[in-house]
Amino acid sequence: MAERRATMKDVARASGVSPATVSFVLNDTPGQTIPAETRERVRAAATALGYQPHGVARALREGRSRVVLLGIGGLRGGRSLQGFVRGMSAELRTQGYGLLVYPGPSTDPGHADLVRDLRPHAVIDLAEIYAARTAADDGGWTDGLAAHTMTQLAHLVDRGHRSIAFAIPAEPDLDGLAALRAKLAGEAGRRLGVGALPLVSIPEPPQAAREAVGLLRDDSPDVTAVAAFDDEIALRLLGGLSDLGVPVPDEMAVIGFDDSSFGVSWRPPLTTVRIDGEMFGRRAARTILGTDSAHRPGSAARVIVRETT
């Protein structure tokens, strides 16, 4: 029996990365920010396994397909993500390209199958981009998720709050992004001079959310404001505060993130952060196609001021 040919998944397993990352490295996909050490590890694993790209992979490297594959991983859908997809799709269409959105993580077998079968012009992992663009260097604070988080915290600080908590979702499938946002919020708090931010995990069931808010009040009685992971978590928090009879914003200010359509309907209406996702999507498309190689930081975000702050 002939020896089994090494696959991209084999290389991914041997080098400890996702199949999508292997594809990025071996096909020199443009627009990726993969560390040199990771690239070397992937290439070494491919050499050791005797991996040989097939004809379709060569076509991917040559960029013959006019499809861009966007993986959104575990990112929660919202206004900014919808805007990003809309902006990227519109910009790609102007150049004769199409956009395919994959809802699962890049480690899914289905994602690797799409990379193999569709021969996309580029493969974008939005979750990896978030992580890469929010590295702990000063550049990350002028653009992207770090800058958006800074905008959120700065609004509370500008209103005189010096003891601020950060609310994250309790759902395990959002652990990675929640941890990233919490880390950025903590760093933003340090830069703004308010010190460490207590974390509170807010579950979806109203009774559990109320209990979580009660524990925050007991454990951190000095907290006068909470910045939330997104508007959904902010609304869970507001529900718990309402159940406990805590007046907002008199005793506790709350700011959301991503300007969902529901926040304005709450009473009091939710202050939030609006991100121009469509602009970022168009810029990403131009970078992919090489039509706008210069990096121009976009408007980080702006606060939509309502009554909860």
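Biologist: What makes S1 and strand S2 (residues 98-102) count as paired?

Modeller: Five bridges join S1 to S2, and the two strands run parallel. Pairing takes at least two bridges between two strands, so S1 and S2 qualify. This is a predicted model, by the way. As examples of the register, Leu69 stands opposite Leu100, and Val68 has Leu99 as its bridge partner in S2.

Biologist: How do you know that S1 pairs with strand S3 (residues 122-125), and how do the two run?

Modeller: By the bridges again: four of them join S1 to S3, and the strands run parallel. Set against a minimum of two bridges, that makes S1 and S3 a pair. Leu70 has Ile124 as its bridge partner in S3.

Biologist: What is the strand order of that open sheet, then, and which strands are its edges?

Modeller: The order of the three strands is S2-S1-S3, with parallel pairing. S2 and S3 are the edge strands, as each pairs on one side only. On average, neighbouring strands here are turned by 20° against each other, with direction ignored.

Biologist: Which helix packs on this sheet, touching S1 and S2, and what angle does its direction make with S2?

Modeller: That is helix H5 (residues 79-94), which touches S1 and S2 and makes about 150° with the direction of S2. Angles over 145 degrees count as roughly antiparallel, so H5 and S2 earn that description.

Biologist: Why is strand S1 (residues 67-71) called largely enclosed?

Modeller: Four of its five residues are buried, so the rest of the structure largely encloses S1. Buried here means under 20% relative accessible area.

Biologist: And why is helix H2 (residues 19-26) described in that way too?

Modeller: Because seven of the eight residues of H2 are buried. They are Pro19, Ala20, Thr21, Val22, Ser23, Phe24 and Val25. After H2 comes Asp28, whose phi is positive, near 50°. For the protein as a whole, buried residues make up 51% of the 309 residues.

Biologist: Let's turn to the four-stranded sheet. What is its order?

Modeller: This open sheet has the order S5-S4-S6-S7, with parallel pairing. Strand S5 (199-202) and strand S7 (253-255) each have a single partner strand, so they stand at the edges with one side lacking a neighbour in the sheet. The twist from one strand to the next averages 25°.

Biologist: What makes strand S6 (residues 225-228) a partner of S7?

Modeller: Three bridges join S6 to S7, and these strands run parallel. Against the minimum of two bridges, S6 and S7 are a pair. One of the bridge partnerships links Ala225 with Ala253 in S7.

Biologist: Which helices lie on that sheet, and how are they directed?

Modeller: Helix H8 (residues 145-158) lies across strand S4 (164-169), S6 and S7, at about 165° to S6. Helix H11 (residues 231-243) touches S4, S5, S6 and S7, and its direction makes about 160° with that of S7. Both angles are over 145 degrees, so H8 is roughly antiparallel to S6 and H11 is roughly antiparallel to S7.

Biologist: Why is helix H10 (residues 206-219) called roughly perpendicular to H11?

Modeller: Their axes come within 8 Å and cross at roughly 75°. The perpendicular class covers 65 to 115 degrees, so H10 and H11 belong there. In this contact, Ala209, Arg210 and Val213 of H10 meet Arg236, Leu237, Gly240, Leu241 and Asp243 of H11. Those residues divide into four nonpolar, one polar and three charged; the polar one is Gly240, because Gly is counted with the polar residues.

Biologist: Why, by contrast, are H1 and H3 called oblique?

Modeller: Helix H1 (residues 8-15) and helix H3 (residues 36-49) pack at about 125°, with their axes 9 Å apart. That angle is neither within 65 to 115 degrees nor over 145, so H1 and H3 are oblique to each other. Their crossing is right-handed.

Biologist: Which residues make the contact between H1 and H3?

Modeller: Asp10, Val11, Ala14 and Ser15 come from H1, and Arg41, Val42, Ala45, Ala46 and Leu49 from H3. They divide into six nonpolar, one polar and two charged. Asp and Arg count as charged, so Asp10 and Arg41 are the charged two.

Methods:
Residues numbered from 1 in each chain as written. Predicted model: local features only at pLDDT ≥ 70, side-chain atom pairs only at ≥ 80, totals over all residues. Heavy atoms only, no water. Axes fitted to C-alpha atoms, helices over the stretch in contact; angles between N-to-C directions. Contact = heavy atoms within 4.5 Å. Parallel < 35°, antiparallel > 145°, perpendicular 65-115°, else oblique. Left-handed = near helix turned anticlockwise from the far one by under 90°. Buried < 20%, exposed > 50% of the residue type's maximum accessible area, 1.4 Å probe, protein only.
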